[in-house]
Amino acid sequence: MDNHIVEKVLRDMDGIRIDSGAQTETETDSVGELDHDDTSNQGALFEIRLCPGKGLSLFAVTDIARGTWLIAENALIVVPSYAQDLKHLWKEFGKLTPQQYVQMGDLSYVSGIINPSLQGYIRRRLSTRRQYGGPALDGAVKDEMQMRAIFSTNAVAMGMESRYGRGLFLLSSRLNHSCVPNVFQDYNATLGVTTVHATRAIKEGEELTLSYCQHVRNDRKERAEVLAFWKFKCDCPACKGPEVAERERRRQKIVELATGESSKQHYRLAKYDLGLPTYGTPSNPSKALRWGEEVILLLKQQGLEDMELAPAYRKCSKYCVQLGQLEKAMAYARKELEVQRYCLGTETAHMEKDMEGAEFWIKHLEQTAEKDRVKIAMNQKRTKKEDKRAEKKAAKKAAKGGR
């Protein structure tokens with residue numbers, strides 16, 4: 001992208017901050033010394049490398065332990081979930097410095113993601129500006145179409161159902177896909193940043209990857225179709241190699257157990273079960289618990305010990321509550337908390353609503369257990385009093401009978 005055109009585009013934006021001393025970004029190999037505002041890696045844990053067929057990617061430069069907090073990154077651009085108009089994104093572009101504009105322009109994108117008809121709208125709007133005409137206008141239109149494509153390709157949901165909007169994160173955008181990922185990315189509303197944690201032990205030289213699609217819900221063909229739209233071909237162990245058939249068998253079994261899809265019986269529709277689309281689950285909590293426990297085992301065998309596991313542990317914990325097995329329910333809740341700690345860290349105050357966070361579910365279980373203890377103690381006290389009254393009554397009756 002021509003820097004002169006960039007400056008012309010930026011000057012045309014309302015509220016733009018132009019730093020005359022800003023330098024064009026030079027790609028750095030190591031990101032271990034970046035400021036915490038950009039990433040919270042501890043020392044040089046990973047670096048940016050050119051990966052054949054994938055562009056710039058992140059690779060571990062040392063062995064990384066499971067649960068390591070790799071990235072804490074502020075969004076370069078945030079668009080609220082309610083924003084539908086084109087002007088909102090244009091205003092966000094206007095807040096970028098020339099250096100940030102160049103950095104964003106360096107990200108990969110899918111050219112066909114933006115409706116071509118938008119080009120006419122952009123041209124008409126820019127043509128009203130005096131500084132644009134001829135080649136300059138053509139360049140400005142091309143630049144904005146590219147920037148919109150970059151945002152649409154790389155922006156991620158911030159919170160469940162984009163509760164906090166959609167954001168573009170420069171460093172995290174370098175993470176490529178794998179159906180068997182080794183990192184988990186999530187927006188942390190408590191900290192106001194997106195975080196990336198290692199979900200398993202990562203070896204030196206290994207690429208850091210996350211999942212772009214539902215690797216449990218979708219079979220290999222469906223995943224390939226989703227990834228094809230993003231011009232991406234996956235060669236992970238779940239898509240290529242000797243383990244494919246066995247992994248696909250386990251994946252199908254997980255879906256069957258979690259949804260009841262293959263069962264001959266027709267169970268009542270459940271709204272939510274194990275994070276998968278639900279056709280039904282057994283009304284018998286004992287059977288549901290057995291199914292849930294098998295799902296957990298299969299997920300581990302698949303190497304998916306990330307946030308796929310958390311809802312499975314929660315469901316098993318709830319089934320145990322229904323069965324009156326509070327101690328076992330607490331054990332599963334602690335397993336869920338362990339997964340969340342590895343994937344999300346400890347700053348999870350924003351997950352208190354609806355007990356979304358495992359620590360809040362544990363607190364609920366502890367309160368329930370305390371209430372049960374109080375209830376049992378009261379029942380024992382009442383039973384003791386009733387036994388004493390019964391003994392006195394029996395004693396009186398025996399005394400009258402002896403006269």
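This is a guided tour of the chain, moving from the whole fold to two sheets and then to a few side chains.

**The whole chain**

Begin with everything displayed as a cartoon, keeping in mind that the model is predicted. The chain holds 11 helices and 10 strands, and of its 403 residues, 45% count as buried. Among contacts with a separation of 6 or more, residues 24 or more positions apart account for 65%.

**The sheet β3-β9-β8**

Next, select residues 69-73, which are β3, together with 183-188, which are β8, and add 193-198, which are β9. These form an open sheet of 3 strands in the order β3-β9-β8, with antiparallel pairing. The edge strands are β3 and β8, each of which pairs on one side only, and neighbouring strands are turned by 15° against each other on average, direction ignored. Between β3 and β9 there are 4 bridges; to see where the two strands face each other, pick Glu73, which stands opposite Thr194 in β9. Now add α10, which packs on this sheet by touching β8 and β9, its direction making about 115° with that of β9.

**The sheet β4-β6-β5**

Move on to residues 77-79 (β4) and 156-157 (β5), and bring in 166-168, which make up β6. Here too an open sheet of 3 strands appears, ordered β4-β6-β5 and paired in the antiparallel sense. Because β4 and β5 stand at the edges with a single partner strand each, one side of each is left without a neighbour in the sheet. The pairing of β4 with β6 runs over 3 bridges, and Val78 has Gly167 in β6 as its bridge partner. If you then show residues 135-154, you will find helix α5 lying across β4, β5 and β6, at about 115° to β6.

**His177 and its surroundings**

Select His177 in strand β7, residues 176-177, and display its side chain as sticks. Is this residue buried or exposed? His177 is buried, with a relative accessible area of 2%. Its side chain reaches the backbone nitrogen of Cys179 at 3.4 Å, while the backbone nitrogen of Tyr212 lies 2.8 Å from a polar atom of the His177 side chain. Leaving aside residues up to four places away in sequence, His177 touches a set of residues including Thr209, Leu210, Cys213, Leu227 and Cys234, as well as Tyr212 and Phe232.

**Aromatic pairs**

Across the whole structure there are 3 aromatic pairs. One of them joins Tyr212 and Phe232, with 5.9 Å from centre to centre and 50° between the planes, a tilted arrangement. Tyr212 is in the loop between β10 and α6, whereas Phe232 is in the loop between α6 and α7, so the pair ties together parts that are 20 residues apart in sequence. Colouring by accessibility separates the partners: Tyr212 is partly exposed at 36% relative accessible area, but Phe232, at 13%, counts as buried.

For another pair, select Tyr313 and Tyr332, whose ring centres are 6.2 Å apart and whose planes meet at 35°, so this pair is tilted. Because Tyr313 belongs to helix α9 (residues 309-322) and Tyr332 to helix α10 (residues 326-344), the pair ties together parts that are 19 residues apart in sequence. Both Tyr313 and Tyr332 are buried.

**A last stop at Trp361**

Finally, centre the view on Trp361 and show Lys318, which lies over the face of the Trp361 ring at 5.8 Å from its centre.

Key
Residues are numbered from 1 along each chain as its sequence is written. This is a predicted model: local features need pLDDT of at least 70, side-chain atom pairs count only at pLDDT 80 or more; totals for chains, interfaces and linings use all residues. Side-chain values use heavy atoms; hydrogens and water are left out. Rings of Phe, Tyr and Trp (its six-membered ring) pair if their centres lie within 6.5 Å; planes under 30 degrees apart count as stacked, over 60 as edge-to-face and the rest as tilted. Buried means under 20% relative accessible area, exposed over 50%, partly exposed in between (1.4 Å probe, protein chains only). A charge sits over a ring if NZ of Lys or CZ of Arg is within 6 Å of the ring centre and within 35 degrees of the ring normal. A polar contact is a pair of N or O atoms within 3.5 Å; within protein, one must be able to donate a hydrogen and the other to accept it, and residues adjacent in sequence count only if both atoms are side-chain atoms. Contact means heavy atoms within 4.5 Å. Two strands pair if DSSP finds at least two bridges between them. Axes are lines fitted to C-alpha atoms, for helices over the stretch in contact, and angles run from 0 to 180 degrees between N-to-C directions.
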